[in-house]
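These are my notebook entries on a single structure. I record in turn what I looked up and what I found.

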Amino acid sequence: MSHLFSPASIGQVSLKNRIIVPPMCQYSAVDGMPTAWHHAHYMNLALSGAALVIVEASAITPIGRITYQDLGIWNDAQMEAIKQMLTDIRQFSDARLGIQIAHAGRKASTDLPWHGGKSLSAAEKNGWQTVSSSSLAFGHNHPPRELSISEVLEVKQHFIDAAKRAEKAGFDVIEIHAAHGYLLHEFLSPISNKRQDEYGGSFVNRSRLLLDVFHEIREAIDPNIAIGVRISATDWVENGWDVPESIELTESLEELGCDYIHISSGGLSDKQQIPLSPNYQVPLAQAIHENTMMPVIAVGLITDPLQAEAIIATHQADFVAIGRGILFEPRWPWRAATVLNEQIEVAPQYLRSAPHQFKNMFK
């Protein structure tokens, strides 16, 4: 058996292979509610052959949305609608389903990407006042308002409440978004966090909010549900958040019972210098993999099945997340199975679709 198609687990959740669909925003919700687009989109991904599909960043509060059309999980109506979507998917797919819970912080209140994605002020249509660890703007965005201590505690409670709704909705996995320059990352990085209280300054203080959020969610949620964290392992900026701090954070999360760590990078500063190339983030995942017993997910320009197989086979990571590649090619795992001479389970409605040269690829 290939390494990519070998079974594995994250926490108590068993996965049939090492292929994960990471969260990718669709900007197609209405008042945070899923629409027909989400039903079709996630059904499609759940039928792809990937072992785990993680639903896009879902805001824990209206002001935590990146855009006014982000998916949300800040109220029970959204939870019930998402629950129905999962129920429909599970009629036809045995993929495990996860959700990423998020707050966009100072990168919130933007227009839709296909409308230019510009920062919207509170005075503009569909805009609102953003908040962050400090009152420092991201690039040329409108400046955020620094959260007070009491508001920081409210944010923590919003994350806990969102996780409880995710549990009620029936997700197998909950991922806390602490990457890509969004709120929890804004607290972690010394570039964006200039606070002088217990949430700023030292590594211990800057990581306090994320660790508290994780700990209290883990305490509140059924232990059979896997809870992980997505981080940016480096800001790609001098004197910013970096790999040694990411390793230290990972060790702290592991001590608290974290089930996996999902390694991305960047997104915090418009001054970042990212050396884009295939596998460009895999060395970051490997550095963390070498310092933790937790499963590690690698992501970032992983597009070829042999490339993905090598990442798992050489112990650079435990799982690979195929993002934009699977949007472009929604049956990417099927192609990987043909390349690696594997069989793959598919919905019975698709059994007759196997090409003649791969007539035995479907279980």
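**Entry 1: T61**

I began with T61, which I located in the loop that runs between β4 (52–59) and α2 (76–90). I note at the outset that the model is a predicted one. Is T61 buried or exposed? Its relative accessible area is 12%, and since buried means under 20%, I entered T61 as buried. I then listed its contacts, leaving out neighbours within four places in sequence, and found W74, H103 and H158.

**Entry 2: confidence**

I checked the confidence before going further. The mean pLDDT of the protein is 97, and 100% of the residues score at least 70. Which elements have the lowest and the highest mean pLDDT? The lowest belongs to helix α10 (residues 324–328), at 96, and the highest to strand β5 (residues 96–102), at 99. I keep a general caution beside this entry: coordinates predicted with low pLDDT should not be read in detail.

**Entry 3: the whole protein**

I counted the elements and obtained 11 helices and 12 strands. The radius of gyration is 20 Å, and the globule rule gives 21 Å for 363 residues; the two are close, so I describe the protein as being as compact as a globular protein of that length. Along the principal axes, the C-alpha atoms fill a box of roughly 65 × 40 × 40 Å.

I next looked up burial and found that 59% of the 363 residues are buried. The accessible surface comes to about 14,700 Å², and carbon and sulfur atoms account for 52% of that surface. For contacts between residues at least 6 apart in sequence, I recorded that 70% join residues at least 24 apart. For the charges, I took the mean position of the 28 positive ones and that of the 40 negative ones; these two positions are 6 Å apart.

**Entry 4: helix α1 and helix α10**

Which residues of helix α1 (residues 36–46) are buried? I listed H38, H41, Y42, M43, L45 and A46. I then asked which elements the buried residues of α1 pack against. The partners are β3 (19–21), β4, α2 and α10. In general, an α-helix has 3.6 residues a turn, so residues three or four places apart point the same way.

I followed the last of these partners, α10, and selected G325, which is found in that helix. Its relative accessibility is 23%, and G325 therefore counts as partly exposed. I also took the C-alpha distance from G325 to T303: the two are 5.9 Å apart in space and 22 residues apart in sequence.

**Entry 5: two glycines in loops**

I looked up G105 and placed it in the loop between β5 and β6. With a relative accessible area of 0%, G105 is buried. Not counting residues up to four places away in sequence, G105 touches T130, V131, L183 and E186. The C-alpha atoms of G105 and G64 are separated by 6.0 Å, although these residues are 41 apart along the chain.

I then turned to G181, in the loop between β8 (173–178) and α4 (183–188). G181 is buried, with a relative accessible area of 0%. Leaving aside neighbours within four places in sequence, I found G181 in contact with A104, K107, E186, G266, G267 and L268. E186 is thus on the list for G181 and on the list for G105. For G181 and I89, 92 residues apart along the chain, I obtained a C-alpha separation of 31 Å.

**Entry 6: positive phi outside glycine**

I closed with two asparagines. N126 is not a glycine, yet I read a positive phi of about 70° for it. It lies in the loop between β5 and β6 (131–132), the loop in which I had placed G105. Its relative accessible area is 31%, and I therefore entered N126 as partly exposed.

N239, also not a glycine, has a positive phi of about 70°. I located N239 in the loop between β9 (226–232) and α7 (243–255). How accessible is N239? Its relative accessible area is 66%, so I entered N239 as exposed.

Definitions and conventions. Residues numbered from 1 in each chain as written. Predicted model: local features only at pLDDT ≥ 70, side-chain atom pairs only at ≥ 80, totals over all residues. Heavy atoms only, no water. Helix = DSSP H or I, 4+ residues; strand = E, 2+ residues; numbered from the N terminus. Buried < 20%, exposed > 50% of the residue type's maximum accessible area, 1.4 Å probe, protein only. Contact = heavy atoms within 4.5 Å. Rg over C-alpha atoms; globule rule 2.2 N^0.38 Å. Areas by Shrake-Rupley, 256 points an atom, 1.4 Å probe, with all protein chains shown as cover. Lys, Arg positive; Asp, Glu negative; His and termini not counted. Charge placed at Lys NZ, Arg CZ, Asp CG, Glu CD. pLDDT = per-residue confidence, 0-100.
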